[in-house]
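Dear colleague,

Please find below the structure that I am handing over to you. My account of its charged and aromatic side chains follows directly after it.

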Amino acid sequence: MTKWLAATGLAAILTVPAFAATSTWQIDPAHANAQFTVRHLGISNVQGEFTKISGTIVLDDADISKSSVDATIDVTSVDTRVTRRDDDLKSPNFFDAAKFPTMTFQSTKIWSTGDGAAKMTGNLTIKGVTKEVTLDVDGPTPPIKAMGGSRRGVSATTKINRQDFGVSADPGVVGDQISITLDLEMTQK
């Protein structure tokens with residue numbers, strides 16, 4: 001009986017670090033953006049960003065594969081520094097923001113690719129169409145104490161084909177491949 005109690009106690013103690021390693025973080029909308037780059041007329045790149053991002057990230061520092069991401073981007077926050085172009089992007093010609101006001105991402109798999117780097121696969125929904133995408137992730141950084149709480153940072157990149165999501169335009173005007181860069185600060189929940 002003593003051996004059983006000792007083994008049970010040891011097992012309970014050994015599982016505590018696994019729970020302690022999991023932490024929940026909120027994307028800080030004031031310090032986050034989703035940038036994109038697309039070819040215009042086949043001769044130059046146009047950049048823009050979505051400035052309203054929210055979401056929750058559950059991190060397991062001991063085993064990154066047990067982490068998860070759930071994020072939402074407000075499509076109406078698109079900003080290319082040209083109001084007329086932004087209005088067109090919000091219209092039914094592209095994102096149809098009145099009908100589809102948000103795009104979402106839910107991770108399905110995260111794995112380490114080296115020190116401070118990972119890959120993340122998940123379901124990206126744009127304009128009501130959900131497709132699997134894979135992002136290259138840099139981070140997350142170790143937590144720091146700043147601005148009244150704990151904060152971390154993470155960056156990610158990917159490329160998508162806008163046609164896969166039903167985001168269309170006149171052929172030859174806007175390229176199909178969209179490069180995406182996410183830069184996020186997170187605060188602990």
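At 8% relative accessibility, R151 counts as buried, a class that means under 20% relative accessible area, with exposed over 50% and partly exposed in between (1.4 Å probe, protein chains only). R151 forms a salt bridge with D28, and the closest N and O atoms are 2.3 Å apart; the term requires a side-chain nitrogen of Lys or Arg within 4 Å of a carboxyl oxygen of Asp or Glu. R151 belongs to strand β10 (residues 149–161) and D28 to strand β1, so this pair ties together parts 123 residues apart in sequence. Helices (H or I, at least four residues) and strands (E, at least two) are DSSP runs, numbered from the N terminus. D28 is likewise classed as buried, at 12% relative accessibility.

The model is a predicted one, in which local features need pLDDT of at least 70 and side-chain atom pairs count only at pLDDT 80 or more, while totals for chains, interfaces and linings use all residues. Residues are numbered from 1 along each chain as its sequence is written, and side-chain values use heavy atoms, with hydrogens and water left out.

A salt bridge also joins R151 to E185, with 3.0 Å between the closest N and O atoms. E185 lies in strand β11 (residues 174–188), 34 residues from R151 in sequence, and is partly exposed at 29% relative accessibility. D28, R151 and E185 are thus linked in a network of salt bridges. R152 and D61 meet in a further salt bridge (3.1 Å, N to O); R152 is buried at 6%, whereas D61 is partly exposed at 46%.

Turning to the aromatic residues, F36, F50 and F95 form one cluster. Rings of Phe, Tyr and Trp (its six-membered ring) pair if their centres lie within 6.5 Å; planes under 30 degrees apart count as stacked, over 60 as edge-to-face and the rest as tilted. Two aromatic pairs are counted by this rule. F36 and F50 have ring centres 5.6 Å apart and planes at 40°, so the pair is tilted. F50 and F95 are edge-to-face, at 5.7 Å centre to centre and 80° between the planes. F50 is buried at 5% relative accessibility, and F95 at 13%.

The largest nonpolar core (buried Ala, Val, Leu, Ile, Met, Phe, Trp, Tyr and Cys residues joined through side-chain atoms within 4.5 Å) has 41 residues. F50 and F95 are among those with the most contacts inside it.

Yours sincerely
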